[in-house]
Every structure is written in C-alpha cells, then in structure tokens.
Amino acid sequence: MAEGYHRETGRHLDVYGVIGELFGAITYGIKLNKNYAQGADGRLGNDHVEIKTITPFKSKDEVSVKVSGNFSKLLVVKINSDFEVSSRMVDRSKLPKRPNL
C-alpha cells in the first residue's frame, strides 16, 4: 500500500515504523507491546526489543536510540527505495556506548 501510494502521489505515508514493527513480529516472533507503551517495542523471550526503521527516503543507513531505553536487543529494519525489507538484530552490548563525535 505504501509503495502504491508513493508511486501515485510521489509522497510517503506515515506507516514505516508500523511496518518495521510488524516485520519484527512476523519474521522474528517478537511479541509487540501495546501502542505507545513506555520502554521497548516488544519482547522476544526474556529480551526487551527496540525496533527502529530506516525509511526509503532516508539518506543514511543509521538509527539512533536513547541510552536510557529499556531494551536488550535492537532490531533495525530497512525499507529501501524499491520497498524491499531487510533487517539486522543487534545485542545492546554490541552498540557503541556514546555517539561518535
């Protein structure tokens, strides 16, 4: 639907975050938290998972997360300009401790 809308109008719908979360739920079996719940986006076993989506119109393949966030895994979902979806799951312990300056 997002792809068809973009082709017809040249504009993007505000749905990519939801697409990323649904992709995580379907592909990884993440049990999603209620919408707008504080903390992580869902759970995978005992792990809290934060899901970040890189949209087709982003110029860089980077995401940022709050250091104070309550998550042990980060799922980065990328939707490219051809609307193909890919992902990578990263343990929080593997993330940089602070941004590069």
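These are my notebook entries on one predicted protein model.

**Entry: overall fold**

I began with the secondary structure. I count 2 helices and 5 strands in the protein chain. Reading along the sequence, I get the order α-α-β-β-β-β-β. Next I looked up the radius of gyration. I find 14 Å, close to the 13 Å from the globule rule for 101 residues, so the chain is as compact as a globular protein of that length. The C-alpha trace spans about 40 × 35 × 20 Å along its principal axes.

I then checked burial and surface. Of the 101 residues, 25% count as buried. The chain exposes about 7500 Å², and carbon and sulfur atoms supply 49% of that area. I also looked at contact range. Among contacts with a separation of 6 or more, 40% join residues 24 or more positions apart.

**Entry: nonpolar cores**

Which residues make up the largest nonpolar core? I list 7: Ala40, Ile54, Phe71, Leu74, Val76, Val90 and Leu95. Apart from this core lies another, of 5 residues, and I note Ile30, Ile51, Leu75 and Val77 among them. In soluble globular proteins, nonpolar side chains tend to be buried together.

I took valine 90 for a closer look. Leaving aside neighbours within four places in sequence, I find Val90 in contact with Ser72, Lys73, Leu74 and Leu95. Two of these names, Leu74 and Leu95, are on my list for the largest core. Lys73 comes up again under salt bridges.

**Entry: salt bridges**

I find 5 salt bridges in the structure. I followed lysine 73 first. Its side chain meets that of aspartate 47 at 4.0 Å, N to O. This pair links distant parts of the chain: lysine 73 sits in strand β4 (residues 73-79) and aspartate 47 in strand β3 (residues 47-54), 26 residues apart.

Lysine 73 also forms a salt bridge with aspartate 91, with the closest N and O atoms 2.4 Å apart. Here strand β4 is linked to strand β5 (residues 85-91), and the two residues are 18 apart along the chain. I therefore record Asp47, Lys73 and Asp91 as linked in a network of salt bridges.

Is each member buried or partly exposed? Lysine 73 has a relative accessible area of 17%, so I log lysine 73 as buried. Aspartate 47 is partly exposed at 26%. Aspartate 91 is partly exposed as well, at 33%.

I checked one more pair. The side chains of glutamate 50 and lysine 52 meet in a salt bridge at 3.9 Å, N to O. Glutamate 50 is buried, with a relative accessible area of 13%. Lysine 52 is partly exposed at 26%.

**Entry: aspartate 41**

Where is aspartate 41 placed? I locate this residue in the loop between β1 (31-32) and β2 (42-44). Aspartate 41 is buried yet has no salt bridge. Why no salt bridge? The nearest side chain of opposite charge, lysine 52, is 6.5 Å away, and a salt bridge needs nitrogen and oxygen within 4 Å, so the pair does not count.

I also listed the contacts of aspartate 41. Not counting residues up to four places away in sequence, aspartate 41 touches Glu21, Leu32, Asn33, Val49, Glu50 and Ile51. Of these, Glu50 is the residue I logged in a salt bridge with lysine 52, and Ile51 belongs to the 5-residue core.

**Entry: glycine 4**

My last lookup was glycine 4, in helix α1 (residues 2-9). Glycine 4 counts as partly exposed, because its relative accessibility is 35%. I compared its position with serine 59, 55 residues along the chain, and the two C-alpha atoms are separated by 21 Å.

Technical notes. Residues are numbered from 1 along each chain as its sequence is written. This is a predicted model: local features need pLDDT of at least 70, side-chain atom pairs count only at pLDDT 80 or more; totals for chains, interfaces and linings use all residues. Side-chain values use heavy atoms; hydrogens and water are left out. A nonpolar core is a set of buried Ala, Val, Leu, Ile, Met, Phe, Trp, Tyr and Cys residues joined through side-chain atoms within 4.5 Å. Buried means under 20% relative accessible area, exposed over 50%, partly exposed in between (1.4 Å probe, protein chains only). Contact means heavy atoms within 4.5 Å. Helices (H or I, at least four residues) and strands (E, at least two) are DSSP runs, numbered from the N terminus. Lys and Arg count as positive and Asp and Glu as negative; His and the chain ends are not counted. The radius of gyration is taken over C-alpha atoms; the globule rule is 2.2 Å times the number of residues to the power 0.38. Accessible areas come from the Shrake-Rupley method with a 1.4 Å probe; for residues, only the protein chains shown count as cover.
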